[in-house]
Amino acid sequence: MSQALLINNARVANALLSLIIDGEDVQRGTWATAMQAGYFYQLLKLVDTDDEVEEKE
């Protein structure tokens, strides 16, 4: 079953990325699971898009 992350805020995306990465210390495989589920891509894309908007302003 596929799920989507419904956020549009780069600060939240950064927090979720940190949670996933730091979670690897607690539960092995957190990072791999996030990558396989597509969460990493979605979060990094959101952060990148937000960075581009800030550069234009």
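## The core

A nonpolar core here means a set of buried residues of the Ala, Val, Leu, Ile, Met, Phe, Trp, Tyr and Cys kinds, joined through side-chain atoms within 4.5 Å. With that in hand, the largest such core in this predicted model has eight residues: Ala13, Leu17, Ile20, Ala34, Phe40, Leu43, Leu46 and Val47. Two elements give two or more residues to this core, namely α1 (10-26) and α3 (39-56). Of the elements, α3 gives the most, with four residues.

Val47 is a good core member to click on. Setting aside residues up to four places away in sequence, Val47 touches Ala10, Ala13, Asn14 and Leu17. Two of the residues named there, Ala13 and Leu17, belong to the core as well.

## The overall layout

Zooming out, the protein has three helices and zero strands. Read from the N terminus, the order is simply α-α-α. The chain has 57 residues, and 19% of them count as buried.

As for the outside, the accessible surface comes to about 4,800 Å², and carbon and sulfur atoms hold 53% of that. Now take the contacts in the protein with a sequence separation of 6 or more: residues 24 or more positions apart account for 58% of them.

## The aromatic pair

How many aromatic pairs does a search of the whole structure find? It finds one. The partners are Trp31 and Phe40, with ring centres 5.4 Å apart and planes at 20°; the angle is under the 30 degree cut-off, so the pair counts as stacked.

Are the two partners buried or exposed? Phe40 has a relative accessible area of 11%, and because buried means under 20%, Phe40 is buried. Trp31, which sits in helix α2 (residues 30-37), comes out at 35%. That value falls between the 20% and 50% limits, so Trp31 is partly exposed. Phe40, for its part, is one of the eight core residues.

## A nonpolar patch on the surface

Trp31 turns up again on the outside of the protein. Together with Ile21 and Met35, Trp31 forms a nonpolar surface patch with about 280 Å² of accessible area.

Ile21 deserves a look of its own. This residue is found in helix α1, and its relative accessible area of 35% makes it partly exposed. Leaving out neighbours within four places in sequence, Ile21 is in contact with Trp31 and Phe40, and those are the partners in the stacked pair. Ile21 also has a C-alpha to C-alpha distance of 9.4 Å to Ala34, with the two positions 13 residues apart in sequence numbering. Ala34 is a core residue.

## Two charged residues to locate

Arg11 and Asp48 are handy for finding your way around the helices. Arg11 is found in helix α1. With 72% relative accessibility, Arg11 is over the 50% limit and therefore counts as exposed. In sequence, Arg11 is 35 residues from Leu46, while their C-alpha atoms are separated by 9.7 Å. Leu46 is another member of the core.

Asp48 lies in helix α3. At 41% relative accessibility, Asp48 is partly exposed. Along the chain, Asp48 and Ala10 are 38 residues apart, and their C-alpha atoms are 8.4 Å from each other. Ala10 is also one of the residues that Val47 touches.

Key:
Residues are numbered from 1 along each chain as its sequence is written. This is a predicted model: local features need pLDDT of at least 70, side-chain atom pairs count only at pLDDT 80 or more; totals for chains, interfaces and linings use all residues. Side-chain values use heavy atoms; hydrogens and water are left out. Buried means under 20% relative accessible area, exposed over 50%, partly exposed in between (1.4 Å probe, protein chains only). Contact means heavy atoms within 4.5 Å. Rings of Phe, Tyr and Trp (its six-membered ring) pair if their centres lie within 6.5 Å; planes under 30 degrees apart count as stacked, over 60 as edge-to-face and the rest as tilted. Patches are made of residues with over 30% relative accessible area and no salt bridge: like charges are joined within 9 Å, nonpolar side chains (Val, Leu, Ile, Met, Phe, Trp, Tyr) within 5 Å. Accessible areas come from the Shrake-Rupley method with a 1.4 Å probe; for residues, only the protein chains shown count as cover. A salt bridge is a side-chain nitrogen of Lys or Arg within 4 Å of a carboxyl oxygen of Asp or Glu.
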